[in-house]
Amino acid sequence: MQKESCVSPASSQAGRAPHIHVHVYSGAGKSILVTQIAFPKSLCDEIYTTKSPYSQKGKQDTTNEGDNVFADGFADEMGTFGGNVNEGITLNHNIVVSV
């Protein structure tokens, strides 16, 4: 199932790199997976230096490598991004769920 929405990475909280949470439910409404999607630092740097309200706070203070959750690896959580910050960013990410 594919669901579209308008999402941008939140300003990172202490110890966390920008990310979004994903909660996957079965058709019956049962929670089957909670995961996160990581953003590349270069994209975050561009957003945080050019787009309001993010630019008012400055660049992220934690990278994916220094993140207290992603520090053990984030390759499986990294999305694929397209577009541009002026016209819109697209995010694609396959999430595999074993049921």
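The paragraphs below go through several residues of a predicted model, beginning with Gln36 and ending with a cis peptide bond.

Gln36 belongs to strand S2. Its relative accessible area is 15%, and because buried means under 20%, Gln36 counts as buried. The side chain of Gln36 is in polar contact with the side chain of Arg16, at 2.6 Å. Apart from neighbours within four places in sequence, the residues in contact with Gln36 are Arg16, His19, Ile20, His21, Val69, Phe70 and Glu77. Two of the residues in that list, Arg16 and Phe70, also interact with each other: the charged end of Arg16 sits over the ring of Phe70, 5.3 Å from the ring centre. Arg16 therefore has its side chain in a polar contact with Gln36 and its charged end over an aromatic ring, as the cut-off of 6 Å to the ring centre requires. Phe70 itself is buried, at 2% relative accessibility.

The aromatic rings come next. A pair of such rings is described by how far apart the centres are and by the angle of the planes. How many aromatic pairs does a search of the whole structure find? The search finds 3. One of them is formed by Phe39 and Phe81, with 5.0 Å from centre to centre and 35° between the planes, and this pair is tilted. Phe39 and Phe81 come from distant parts of the chain, 42 residues apart: Phe39 lies in the loop between strand S2 (31-38) and H1, while Phe81 lies in strand S3. Are the two residues buried or exposed? Phe39 is buried, with 5% relative accessibility, whereas Phe81 is partly exposed, with a relative accessible area of 23%. A further pair is made by Phe70 and Phe74, whose ring centres are 6.4 Å apart; the planes stand at 55°, so this pair is tilted. Phe70 thus has a ring partner in Phe74 and the charged end of Arg16 over its ring.

Strand S3 (80-84) also has a part in the next region, through Thr80. Asn92, in strand S4, is 12 residues from Thr80 in sequence, and the C-alpha atoms of the two are 5.1 Å apart. Beyond residues up to four places away in sequence, Asn92 touches Gly79 and Thr80. Asn92 is partly exposed, at 47% relative accessibility.

His93 is in the segment after strand S4 (88-92). His93 and Thr80 are 13 residues apart along the chain, with 6.3 Å between their C-alpha atoms. Not counting residues up to four places away in sequence, the residues that His93 touches are Ile37, Asp76, Glu77, Met78 and Gly79. Which backbone oxygens does the side chain of His93 reach? The backbone oxygen of Asp76 is reached at 3.4 Å, and a polar atom of the His93 side chain is 3.3 Å from the backbone oxygen of Met78. His93 is partly exposed, with a relative accessible area of 24%. Glu77 is touched by His93 and is also in contact with Gln36, which brings the path back to strand S2.

One backbone feature remains. The peptide bond that joins Ser52 and Pro53 is cis, with omega about 10°. Pro53 is placed in the loop between helix H1 (41-50) and strand S3 (80-84).

Note on methods: Residues numbered from 1 in each chain as written. Predicted model: local features only at pLDDT ≥ 70, side-chain atom pairs only at ≥ 80, totals over all residues. Heavy atoms only, no water. Helix = DSSP H or I, 4+ residues; strand = E, 2+ residues; numbered from the N terminus. Buried < 20%, exposed > 50% of the residue type's maximum accessible area, 1.4 Å probe, protein only. Contact = heavy atoms within 4.5 Å. Polar contact = N/O pair within 3.5 Å; in protein donor to acceptor, adjacent residues only side chain to side chain. Phe/Tyr/Trp six-rings, centres within 6.5 Å; stacked < 30°, edge-to-face > 60°. Lys NZ or Arg CZ within 6 Å of the ring centre and 35° of its normal.
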